[in-house]
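Reader: I've got this one open on my screen and I'd like a close look at a single part of it. Could you walk me through it, and then show me what else is going on in the chain?

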Amino acid sequence: MIPVKEKEAVLTMYRQGQKYKEIADLLLLSPNTVKSICRRSGIKPLTSGEADPGKCRNCGLPLSHTAGARQKLFCSDRCRYAWWNKKRGLMPYRLTCSCCGQEFISYGNKKRKFCGRECYLRSRYGEGLP
C-alpha cells in the first residue's frame, strides 16, 4: 500500500500540471501507479485535445459555473462560434450530390447527401417544384 502522504504528493503534483511520468520519476513509482492514484481519487486525466474544464475552450478565461446546471464550455456565444468555426475549418469533405451529381464541399459532416435545400426537396418531392 502507498502511504497517504505519498498519495497527496501525487495529487498535488498532478494538479500543478506535471505528467504521470515526471511524477513517477520524482517519487520513484511506476507511471501506472501514479495514474491509478489519480483515477481512484476522481481526477479525470486531460486528453491532448481537451481543454481545462474550468476555462473557456476558445480564449482560456476562467468560467463561472451555476450549481445544479451543466458545466459551461465557453465564456460567451462569441467564443463558442469562434471555436466551432476554427474546428470545422479543419475538416472539409468533398462529396457528390445524390440528386444533381454536382461535387460540393461539406464542413464537418461527411454524411451529407445533397448540395443544398433545392436538391433535397427535388429528391424528396419530385421534379414538379416551382
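Reader: How many bridges join strand β1 to β2, and do the two run parallel or antiparallel?

Author: Bear in mind that this is a predicted model. Strand β1, residues 92–96, is joined to β2 by 5 bridges, and the two run antiparallel. To find one of the pairings on your screen, start at Pro-92, whose bridge partner in β2 is Tyr-107. The two strands form a hairpin with 6 residues between them, and in this hairpin Gly-101 takes a positive phi near 80°.

Now go past the end of β2. In the loop between β2 (103–107) and α5 (117–125) you'll meet Lys-110. Is Lys-110 buried or exposed? Its relative accessible area is 57%, and the cut-off for exposed is over 50%, so Lys-110 counts as exposed. Still, Lys-110 has some company: leaving out residues up to four places away in sequence, Lys-110 touches Tyr-93 and Leu-95. You can also check Lys-110 against Arg-94, 16 residues apart from it along the chain, where the C-alpha atoms are separated by 8.2 Å.

For the rest of the picture, turn to the helices. The largest nonpolar core has 12 residues in all, including Val-10, Met-13, Tyr-20, Ile-23, Leu-29 and Ile-43. Two or more residues each come from α1 (4–15), α2 (20–27) and α3 (31–40), and α1 gives the largest share, 4 residues. In general, nonpolar side chains in soluble globular proteins tend to be buried together.

Pick Leu-29 from that core and look around: setting aside neighbours within four places in sequence, Leu-29 is in contact with Glu-6, Val-10, Ala-24 and Val-34. Apart from this core lies another one, of 5 residues, and Leu-95 is one of them, along with Cys-97, Phe-114 and Cys-119 among others. That's the Leu-95 that Lys-110 touches.

Last stop, the helix pair. The axes of α1 and α2 come within 10 Å and cross at roughly 145°, and the crossing is right-handed. On the α1 side the contact is made by Glu-6, Ala-9, Val-10, Met-13 and Tyr-14, and on the α2 side by Tyr-20, Ile-23, Leu-26 and Leu-27. Sort the contact of α1 with α2 by class and you get 8 nonpolar, no polar and 1 charged residues.

Conventions:
Residues numbered from 1 in each chain as written. Predicted model: local features only at pLDDT ≥ 70, side-chain atom pairs only at ≥ 80, totals over all residues. Heavy atoms only, no water. Core = buried A, V, L, I, M, F, W, Y, C linked by side-chain atoms within 4.5 Å. Buried < 20%, exposed > 50% of the residue type's maximum accessible area, 1.4 Å probe, protein only. Contact = heavy atoms within 4.5 Å. Pairing = 2+ DSSP bridges. Axes fitted to C-alpha atoms, helices over the stretch in contact; angles between N-to-C directions. Left-handed = near helix turned anticlockwise from the far one by under 90°. Nonpolar A, V, L, I, M, F, W, Y, C, P; charged D, E, K, R; others polar.
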